[in-house]
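Trainee: Please take one part of this model and go through it closely. I would like a single connected account rather than a list.

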Amino acid sequence: MERPARLYGLWALLLCAGGGRSAAPTETQPPVTNLSVSVENLCTVIWTWNPPEGASPNCSLRYFSHFGDKQDKIIAPETHRSKEVPLNERICLQVGSQCSTNESEKPSILVEKCISPPEGDPESAVTELQCVWHNLSYMKCSWLPGRNTSPDTNYTLYYWHSSLGKILQCENIYREGQHIGCSFDLTKVKDSSSEQHSVQIMVKDNAGKIRPSFNIVPLASRVKPDPPHIKNLFFQNGALYVQWKNPQNFFSSCLSYEVEVNNSQTKTHDIFYVEEDKCQNLEFQRNMEDTICFMVPGVLPDTFYTVRIRVKTNKLCYEDDKLWSNWSQAMSIGKQPNSTFYITMLLLIPVIVAGAIIILLLYLKRLKIIIFPPIPDPGKIFKEMFGDQNDDTLKTRTADNQKKNKGRTWWLTSVIPAAQETETGSS
């Protein structure tokens, strides 16, 4: 009986010892020390810290860290953490220590370190700061002035990416309406994996009166290709074949296309979305290398067609697939409608209209009389009916009056003086 009792006691002792060793790492560790933050380049924020003091010697320290609102949680053995982030707002990192990579394990007391945004009036910072990588050759950034800024503010744009040894200043400042922008060459990063790179941007003024504004542009997004170049159009077997050359610096598998076909006969246009080469004519493909071909079915050879193409990046190679290139220069094919008749009519119509206006001006009075005949005047009708009789009566009365006047004149000049002489003689 003593031997089994001793065995049970030894077994219990071993269990207690083993349990004690496994429980030790689960104890809460002390917090990290000397947590500090610094900024490199333009937008690279680096946090560093020292291991906790008095940590358990049997603990393989791991560090639990996350940003505000518990974003981007990481458990790692390194005593530092970095992140590219625009410095337009306050950014805080919380760090704690623990003995395993298990997220369910309770870490030590979290220590927080924040970095504040740059000094200055937030209303003075530029707004709508956006950048586009054009054809993997140059980057073009634009922005609007802040609300509390002077119209004559002189802006400066600084940029940095991993292929540069230092921060550079953009020299090509320009204005387009209310927008201000700057463009700079960006070709060194294209040979490497763009997914691992981004461009850090900062805009401020030369006098230091406005608050700096920051932006981070991932090179896998905001890419706008140049327009493609149409190489050839031809009809075959009731179909229209369109062949074009891609813009430089892009693989065909990384692009999507839109082909616009305008029909002059129906005055309509069709748009075809193309993701890959769809021509089946191998001889045609052999004649033109490094090109993309698309077949438009159901066309009429006697019809005049005009074709344009534009491209954009796809999500197979890039994060953004919203930026279309400009339309390519149009190319036409087919029997163009005879425009002689239309030109003749365009020349004749003004001449005909001018002649009609002249004729109307010359014969307007006659046309007015024909269209709107005058209403007879009753007074004129009575005058015409009785006018001759009135004239004869007037002439007779005038003659009688003349005779009477003549008699009166004779009486006054002849009879009266003679009578006066007779009276004188008798006296």
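**A three-stranded sheet and a pocket**

Mentor: Phe234 has Tyr241 of strand 18 as its bridge partner. This is a predicted model, and that pair is a useful place to start. The strands concerned are strand 17 and strand 18, the latter covering residues 239-245, and they pair in the antiparallel sense over seven bridges. They belong to an open sheet of three strands, ordered 17-18-21, with antiparallel pairing. Strand 17 (229-236) and strand 21 (292-297) are the edge strands; each has a single partner strand, so one side of each has no neighbour in the sheet. On average, neighbouring strands of this sheet are turned by 20° against each other, direction ignored.

Now to the second largest pocket. Its volume is about 220 Å³. Three strands each supply at least two residues of its lining: strand 8 (127-134), strand 9 (138-144) and strand 12 (172-176). Strand 8 gives the most, with four residues. Gln130, Cys131, Val132 and His134 are among the lining residues, and the list also includes Lys140, Ser142, Tyr174 and Glu176. The remaining names are His179, Arg222, Lys224 and Leu323. By residue class, the lining of this pocket divides into four nonpolar, four polar and four charged. Lys140, Glu176, Arg222 and Lys224 are the charged members, while Cys131, Val132, Tyr174 and Leu323 count as nonpolar.

Key: Residues numbered from 1 in each chain as written. Predicted model: local features only at pLDDT ≥ 70, side-chain atom pairs only at ≥ 80, totals over all residues. Heavy atoms only, no water. 1 Å grid on protein atoms, 1.4 Å probe; cavity = no way out; pocket = protein on both sides within 12 Å on 5 of 7 lines; lining within 4 Å. Points joined across faces, edges and corners; volume = space filled by probe spheres on them. Pairing = 2+ DSSP bridges. Axes fitted to C-alpha atoms, helices over the stretch in contact; angles between N-to-C directions.
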